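User: I am new to this structure. Can you take me through it in short steps?

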Amino acid sequence: MSPKELLKVEKLKKYFPVKSGVFSTVSNFVKAVDGIDLSVGEGETVGLVGESGCGKTTLGKTILKLLEPSEGEIYFEDRDITHLSPSKMRPFRKEMQIVFQDPYGSLNPRMKVESIVSEGLIIHEMASKNERRGIIKELLNTVGLREDALPRYPHEFSGGQRQRIAIARALALKPKFIVCDEPISALDVSVQAQIINLFIELQEKFRLTYLFISHDLRVVRHISDRVAVMYLGKIVELSPSQELYKNPLHPYTKILISSVPIADPEKKREPSLLKGDVPSPINPPSGCSFHPRCPIAVEKCKTHEPELRDVGSGHFVSCHLV
């Protein structure tokens with residue numbers, strides 16, 4: 001039985017205006033997120049993968065309304081939050097949090113750990129001054145840090161420890177949904193597995209729901225229930241995790257998976273068929289946006305945009321040739 005739907009976006013778009021000329025008139029738009037449909041169930045982890053610049057982070061921020069959507073709808077627990085004012089959106093801020101890619105950049109270097117973790121509690125008036133210290137100590141213990149971290153500053157910690165502080169800050173408001181925006185890519189390889197395991201433990205303990213953004217397909221396979229593959233602002237394939245890795249259908253997904261490094265020096269691999277760079281989201285290609293780089297593209301791909309359709313067992317793909 002599929003989990004109850006917690007979050008859903010329909011036809012979501014986020015365009016950034018491109019201005020030019022003396023009077024800075026809008027001449028075009030960067031189509032960072034271009035008509036996405038996606039749902040996430042309670043307690044589920046949906047992985048979001050794709051090359052750099054395909055719009056993954058923008059999608060995460062738009063879902064949380066850190067960026068206002070250009071078009072489309074965002075539903076959280078069946079409530080339409082798309083056009084809510086900042087004051088009406090405030091109660092939902094507690095339910096929806098984010099862990100950023102760079103833990104040093106996301107933590108105020110002038111604030112001590114106690115102030116960083118307690119900031120949300122103060123803003124949302126969730127605990128008295130006497131209660132806050134006990135809550136913060138418990139949070140730090142939950143993410144694997146000791147009480148002596150409270151009076152220290154972010155620069156006194158390692159990258160992995162700083163990310164644990166950022167996770168504690170996100171947990172402070174008891175959220176239901178967390179966007180994990182490349183949360184391990186800035187960390188040493190030796191620390192990455194620890195942070196991934198921490199995310200898994202926290203999900204089980206607090207029944208959290210994740211949108212896990214990453215370019216590392218091995219990590220996404222390990223942590224995700226379903227995986228969405230994103231290319232140039234659109235989702236081109238969506239499937240249960242194990243199904244996607246065993247039976248990728250979209251040419252882009254196949255190439256991404258074939259590019260994952262193999263930890264066996266004796267095993268030879270075929271050269272990647274992915275040529276060139278991601279096209280500009282200002283002027284995306286007509287038809288299927290992947291056709292200029294696709295090794296099997298046909299004439300129809302150049303003129304007709306494929307729909308994301310269900311090909312069975314919850315496996316969706318956007319390709320004319322599947």
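User: Is cysteine 180 buried or exposed?

Analyst: This is a predicted model, so the answer rests on computed values. Buried means under 20% relative accessible area. Cysteine 180 has a relative accessible area of 0%. That makes cysteine 180 buried.

User: How many disulfides are there?

Analyst: A disulfide needs two cysteine sulfur atoms within 2.5 Å. By this rule, the count is zero. Cysteine 180 illustrates this: the nearest cysteine sulfur belongs to cysteine 54, and it is 17 Å away. Cysteine 319 is in no disulfide either, with the sulfur of cysteine 301 nearest at 6.2 Å. The number of disulfides is zero.

User: Is cysteine 319 buried or exposed?

Analyst: The cut-off for buried is under 20%. Cysteine 319 has 8% relative accessibility. Cysteine 319 therefore counts as buried.

User: In what order do the four strands of the open sheet with β1 lie?

Analyst: The pairing in this sheet is antiparallel. β2 (25-41) and β5 (79-80) stand at the edges, each with a single partner strand, so one side of each has no neighbour in the sheet. The order is β2-β1-β4-β5.

User: Which residue is the bridge partner of phenylalanine 76 in β5?

Analyst: Strand β4 covers residues 71-76 and pairs with β5 in the antiparallel sense. Two bridges join them. In β5, the partner of phenylalanine 76 is arginine 79.

User: At about what angle does helix α1 run to β1?

Analyst: Helix α1 spans residues 56-63. It lies across β1 (5-20), β2 and β4. Its angle to β1 is about 115°.

User: How many of the eight residues of α1 are buried?

Analyst: The buried ones are Lys56, Thr58, Leu59, Gly60, Thr62 and Ile63. The helix is largely enclosed by the rest of the structure, because the buried residues number six of the eight.

User: Which residue just after α1 takes a positive phi?

Analyst: The residue sits just after the helix. Its phi is about 60°. It is lysine 65.

User: How far apart in space are glutamate 51 and valine 22, C-alpha to C-alpha?

Analyst: Glutamate 51 lies in the loop between β3 (45-49) and α1. Its contacts, leaving aside neighbours within four places in sequence, include Lys56, Tyr231 and Arg293. Valine 22 is 29 residues from glutamate 51 in sequence. In space, C-alpha to C-alpha, they are 34 Å apart.

User: What is the handedness of the crossing where α6 passes α7?

Analyst: Helix α6 (residues 159-171) packs on helix α7 (residues 189-206) at about 20°, with axes 10 Å apart. Angles under 35 degrees count as roughly parallel, and α6 and α7 are therefore roughly parallel to each other. Residues making the contact include Ile167 and Leu171 of α6 and Leu198 and Phe199 of α7. The crossing is right-handed.

User: Which residue in the turn between β9 and β10 has a positive phi?

Analyst: Strand β9 (residues 226-231) runs antiparallel to β10, and six bridges join them. One bridge pairs valine 227 with serine 239. The two strands form a hairpin with two residues between them. The residue with positive phi, about 50°, is leucine 232.

User: Which residue of β12 is the bridge partner of glutamate 237?

Analyst: Strand β10 (residues 234-240) is mostly covered, with six of its seven residues buried. β10 also pairs with strand β12 (residues 316-317), antiparallel, over two bridges. The partner of glutamate 237 is valine 317.

How values were computed:
Residues numbered from 1 in each chain as written. Predicted model: local features only at pLDDT ≥ 70, side-chain atom pairs only at ≥ 80, totals over all residues. Heavy atoms only, no water. Pairing = 2+ DSSP bridges. Contact = heavy atoms within 4.5 Å. Axes fitted to C-alpha atoms, helices over the stretch in contact; angles between N-to-C directions. Buried < 20%, exposed > 50% of the residue type's maximum accessible area, 1.4 Å probe, protein only. Parallel < 35°, antiparallel > 145°, perpendicular 65-115°, else oblique. Left-handed = near helix turned anticlockwise from the far one by under 90°.
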